[in-house]
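Okay, thanks for coming, everyone. I've got one structure for you today, and I'll just talk you through it.

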Amino acid sequence: MIPKDIRGSQSPIWRPFTQMKGAKDPIKVLRGKGALLELEGGEVVIDAISSWWVNLFGHGKKEIAQAIYDQSQRLEHVIFAGFTHEPAEQVALELTEMLPEPLSKVFFSDNGSTAVEVAMKMAYQSFQNRGEEKRCRFICFTGAYHGDTIGAMSLGERNIFNRVFEKLLFDVDFVPYPDSKEKEEYVLSLLEEKIDETVAAVAIEPLVQGVGGMRMCSSDFLQKLRALTEKRGALLIFDEVMTGFGRTGELFACLKARVDPDIICLAKGLTGGFLPMSVTVCTDEIFEAFLSNDRLKTFFHGHSYTANPLGCAAALATFKLLREDRSFSEMEEKHLRLAAPFRDHPLVREVRVCGTIAAFELQGSHGYLSEIGNELADAFLKRGVLVRPLGNVLYFMPPYCITEEQLDLLYQVLHEALLQRLECSCP
Ligand SMILES: *Cc1c(COP(=O)(O)O)cnc(C)c1O
C-alpha cells in the first residue's frame, strides 16, 4: 500500500496529462502477465489499450526480458558517436529489411516525439543543405498528434493541450484529415493549392490518426498524397509511432497502404513495450544531402542514450516475435465480427476498425473534455477492463496475445456499460 500521506497532491510525483489538483489517487499495478495487469488489492484487469499503445506481445514477455538481461551482462550502454555495437547494427539491418526499400538510413532516439523532431529537422535541413532555403514549411492535418515537444506540438492540432504554448509554436498549414471517402477529393484539391516550392514536407499519421480519436483514412488517399508530394518535390513524413509494428494488421501502415514515404518515425511498439527507444528512418536521397566537406552540413543531433544497447536488444527480440507470431494480422477479422452489432447501437455514432484497433465514436459532445469517456472508463474498470477513451471515442487496442475469451469479454463489457448508460436517466 502507498502510505496515505503521500497520496494525492502530497505525492512527490507530478503525473503526465493530469490536473494534480483534486486528482484521483493513481492505481498501483503490482505485476503484468500477457494481456493482464494485477492491481494492488488483488484485482486483475485486461489491459485493453496496451499500456498507452506500447505493448505488443503482452506484459512480462519472457523472450524480450531475457534478451534485455543477456545484453545487460555484456554492455548496458556506450557512447554512440564514434562507437558502435552489434545490437544497434543489427536493429538497423533488420529494420531496413522490414521497411519499404527506399527507407535505408536509421537514426536512433528515445521516444516518439523526438523521432518526429528528428524527422522535421532532417527534412528541413536537407533542403537548406541543398541551397533550397525557400522550402521550409510543413503541411499537417487537423486532429494530428505528433508528440509533446515544442516542434512536435507545432505539427499537431492546436487544442486545449497546447493552447498556452501557442506563441512558441511555429506556423504550419493544416488541411482536414480525410476520415471519409467524401472528404478526400476536397482535401486533395486543398493540397494541390498548398504544396508549392515553399513546402519542405507533409506529415501525416497514415491510416489511423491516434490521439485525434482513432480516425481513419484510406490507402487510396495516401497513394494520391504520395504522388502529389513527389510531383511537387516535397517530402512525405509518415508518423508511424502508433501504427508501426503490426497495429494496422500489417507490419507497417506504409506497407498496408503500399506507399513509400521519404521518412518514417517509429517508437512505441519498437521494443515490445519494454524500453523507451525510437527511430527515424529516411531515404538515401535525404541522407546524401548531408554528405559534404562543409562541417555545417552535418546533422547535429543526438542524445545521451542514443541507440541504447538494452533497447536495441529488446527491439531485436520484438522483431523475432513479429516474424514468428502473426497474431496481429488476425485481429481485424475478430474485431469486425464482434463490433458489428454495435453499428446500430443508439449510443454509437460510428464504429471504425483497422487491424488490431477497434474504435467506437459515441453520441454526445466531441472533444477531449467530453465526460462520457471518463464515465465509461470507470464502468469498464469496475468490470475488470482498462480503457482510456479519447473524449467520446472509446477504443480497444489490446496486446496481440489477448485470448479469444478476453477479447469476447471486452465486447461483453462494452455491451453492459452502454446498456447501463441507456437505462440511467442521465443524458
Ligand atoms: C504517441 C505518439 C507520439 C509521441 O510519442 P511519445 O513516445 O509519447 O513521445 C507521436 N506520434 C504519434 C502518432 C503517437 O501516437
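Let's begin with Trp53, which is buried, with a relative accessible area of 6%. One thing up front: what you're looking at is a predicted model. Trp53 sits in helix H1, and its phi is near 75°, a positive value in a residue that isn't glycine. Most residues other than glycine have a negative phi. Helix H1, which covers residues 50-53, also holds Ser51. Ser51 isn't a glycine either, and its phi is positive too, at about 50°. Ser51 is partly exposed, though, with a relative accessible area of 29%.

Trp53 also takes us to the ligand. Which residues surround the ligand? Trp53 is one of them, along with Asn111, Gly112, Ser113, Tyr145, His146, Gly147, Glu205, Asp239, Val241, Met242 and Lys268. By class, that shell divides into four nonpolar, five polar and three charged residues.

For the docking people, here are some distances. A polar side-chain atom of Ser113 is 2.6 Å from an oxygen atom of the ligand. Gly112 brings a polar backbone atom, with a ligand oxygen 2.8 Å away from it. Then there's Asp239, with a polar side-chain atom 2.7 Å from a nitrogen atom of the ligand. How much of the ligand's accessible area does the protein cover? On its own the ligand has 380 Å², and the protein covers 83% of that.

Now, helices. H3 runs over residues 86-98, so at 1.5 Å a residue its 13 residues should span 18 Å, and the end C-alpha atoms are indeed 18 Å apart. Its buried residues are Pro87, Ala88, Val91, Glu94, Leu95 and Met98. Looking down the axis of H3, you find those buried residues within an arc of 135°, so they line one face of the helix. The textbook reason is that an α-helix has 3.6 residues a turn, so residues three or four places apart point the same way. On the face of H3 turned away from the buried side, you get the exposed residues Glu86 and Glu97.

H13 can be read the same way. This helix has 20 residues, 404-423, and reaches 29 Å from first C-alpha to last, close to the 28 Å expected at 1.5 Å a residue. The buried residues of H13 are Gln406, Leu407, Leu410, Tyr411, Val413, Leu414, Ala417, Leu418 and Arg421. They cover an arc of only 155° around the axis, which puts them on the same side of H13. Turned away from that buried side is the face with the exposed residues Glu405 and Glu423.

Next, a couple of buried charged side chains. Where is Asp262? Asp262 is in the loop between helix H8 (253-257) and strand S11 (263-266). Asp262 counts as buried, with a relative accessible area of 13%, and its side chain makes a polar contact with the side chain of Arg226 at 3.0 Å. Arg352 is in strand S13, residues 348-354. Arg352 is buried as well, at 9% relative accessible area, and its side chain makes a polar contact with that of Glu350, at 2.6 Å.

Last stop, Val393, in strand S16 (residues 393-396). Val393 is buried, with a relative accessible area of 4%. Its C-alpha is 9.9 Å from that of Val211, and the two residues are 182 residues apart along the chain.

That's my tour. Questions?

How values were computed:
Residues numbered from 1 in each chain as written. Predicted model: local features only at pLDDT ≥ 70, side-chain atom pairs only at ≥ 80, totals over all residues. Heavy atoms only, no water. Near = heavy atom within 4 Å. Polar contact = N/O pair within 3.5 Å; in protein donor to acceptor, adjacent residues only side chain to side chain. Areas by Shrake-Rupley, 256 points an atom, 1.4 Å probe, with all protein chains shown as cover. Nonpolar A, V, L, I, M, F, W, Y, C, P; charged D, E, K, R; others polar. Helix = DSSP H or I, 4+ residues; strand = E, 2+ residues; numbered from the N terminus. Expected span 1.5 Å × (residues − 1). Buried < 20%, exposed > 50% of the residue type's maximum accessible area, 1.4 Å probe, protein only. Arc of directions from axis to C-beta.
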